[in-house]
Amino acid sequence: MANEKQQSGLMFNALTAGSKIVGNITADSDYRIDGLVEGDLQCTGKVVIGEAGKVKGTIGCQNAEIMGLLEGKISCSNQLSLRASGKIVGDVNTKTLIVEPGALFNGTCSMGAAKAMPSK
């Protein structure tokens, strides 16, 4: 599968299970999190939080798919998908929100044209 990604020209970053980042992340391509991030993530592409992934902080991105845990704020300029195994505790700002049955969402949601997250 990695070869297919390389051949098609798609690039992404990943934080594997068992890894932890404390600090802010800036990414110019898609980012998958299966570990723990304590800090803010600014991504020009898609952010995926896998089932084992946890983020405590603020996320700004185009699209997101949450299968793990997000504690904080997320702003998606396009679409946010909260899968059945996903949990969001915090605030959401997105153009489109998809929530599967079984997902947990405790917080506020603002929909429409998502505002860009302020840089720190």
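The conversation below works through a predicted model and asks what stands behind each label given to it.

User: Happy to start at the top. How do you know how far to trust this chain?

Analyst: Good place to begin! The model is predicted, and the chain has a mean pLDDT of 88, with 84% of its residues at 70 or more. Residues 1-9 are a stretch to treat separately: their pLDDT is below 50, and beyond near neighbours in sequence they have two contacts in the model.

User: What makes up the chain, going from the N terminus?

Analyst: One helix and eleven strands. The order is α-β-β-β-β-β-β-β-β-β-β-β. Of the 120 residues, 39% are buried. Among contacts with a separation of 6 or more, 5% join residues 24 or more positions apart.

User: What makes a set of residues here a nonpolar core, and which of them have the most contacts inside the largest one?

Analyst: Membership takes burial, a residue type from the nonpolar list and side-chain atoms within 4.5 Å. The largest set that meets this has 22 residues, and those with the most contacts inside it are Tyr31, Ile59, Cys61, Ile66, Ile74 and Leu80. At least two residues each come from β3 (25-27), β4 (30-33), β6 (41-43), β7 (46-49), β8 (54-66), β9 (69-82) and β10 (87-99).

User: Why is Cys76 not called part of a disulfide with Cys61?

Analyst: The limit is 2.5 Å between cysteine sulfur atoms. The sulfur of Cys76 is 3.6 Å from the closest cysteine sulfur, in Cys61, so the distance is too far for a bond. Cys76 itself has 0% relative accessibility, so it counts as buried.

User: And how do you know that Cys43 is in no disulfide?

Analyst: By the same kind of check. For Cys43 the nearest cysteine sulfur is that of Cys61, 6.4 Å away, and Cys43 is in no disulfide. The count for the structure is zero disulfides. Cys43 has a relative accessible area of 7%, and therefore it is called buried.

User: Why is Lys46 said to form a salt bridge with Glu65?

Analyst: The test is a Lys or Arg side-chain nitrogen within 4 Å of an Asp or Glu carboxyl oxygen. The closest N and O atoms of Lys46 and Glu65 are 3.2 Å apart, and the pair passes. This salt bridge links distant parts of the chain, with Lys46 in strand β7 and Glu65 in strand β8, 19 residues apart. As background, side chains of opposite charge can pair when their charged atoms come close.

User: Why are Lys46 and Glu65 given unlike burial labels?

Analyst: Buried means under 20% and exposed means over 50%, with partly exposed in between. Lys46 has 32% relative accessibility, so it counts as partly exposed. Glu65 has 16%, so it is buried.

User: What makes Arg83 part of a salt-bridge network?

Analyst: Arg83 meets Glu65 at 3.0 Å, N to O. Arg83 lies in the loop between β9 and β10 and Glu65 in strand β8, so this pair ties together parts 18 residues apart in sequence. Arg83 also meets Glu100 at 3.0 Å, N to O. Glu100 is in the loop between β10 and β11 (104-111), so here the parts tied together are 17 residues apart in sequence. Both distances fall within the 4 Å limit. Together, Lys46, Glu65, Arg83 and Glu100 are linked in a network, and the structure holds five salt bridges. Arg83 has a relative accessible area of 24% and is therefore partly exposed, as is Glu100 with 29%.

User: How do you know that Asp40 is buried, and what does its side chain reach?

Analyst: Asp40 has 13% relative accessibility, so it counts as buried. Asp40 is found in the loop between β5 (36-38) and β6. Its side chain reaches the backbone nitrogen of Thr58 at 3.0 Å, and the limit for a polar contact is 3.5 Å.

User: One more, please: why is Gly45 called buried, and which residues is it in contact with?

Analyst: Gly45 has a relative accessible area of 9%, so it is buried. The place of Gly45 is in the loop between β6 and β7. Leaving aside neighbours within four places in sequence, Gly45 is in contact with Asp30, Cys61, Gln62 and Asn63. Gly45 and Phe12 are 33 residues apart in sequence, with their C-alpha atoms 9.0 Å apart in space.

Notes:
Residues are numbered from 1 along each chain as its sequence is written. This is a predicted model: local features need pLDDT of at least 70, side-chain atom pairs count only at pLDDT 80 or more; totals for chains, interfaces and linings use all residues. Side-chain values use heavy atoms; hydrogens and water are left out. Buried means under 20% relative accessible area, exposed over 50%, partly exposed in between (1.4 Å probe, protein chains only). Helices (H or I, at least four residues) and strands (E, at least two) are DSSP runs, numbered from the N terminus. A polar contact is a pair of N or O atoms within 3.5 Å; within protein, one must be able to donate a hydrogen and the other to accept it, and residues adjacent in sequence count only if both atoms are side-chain atoms. pLDDT is the predictor's confidence in each residue, from 0 to 100. Contact means heavy atoms within 4.5 Å.
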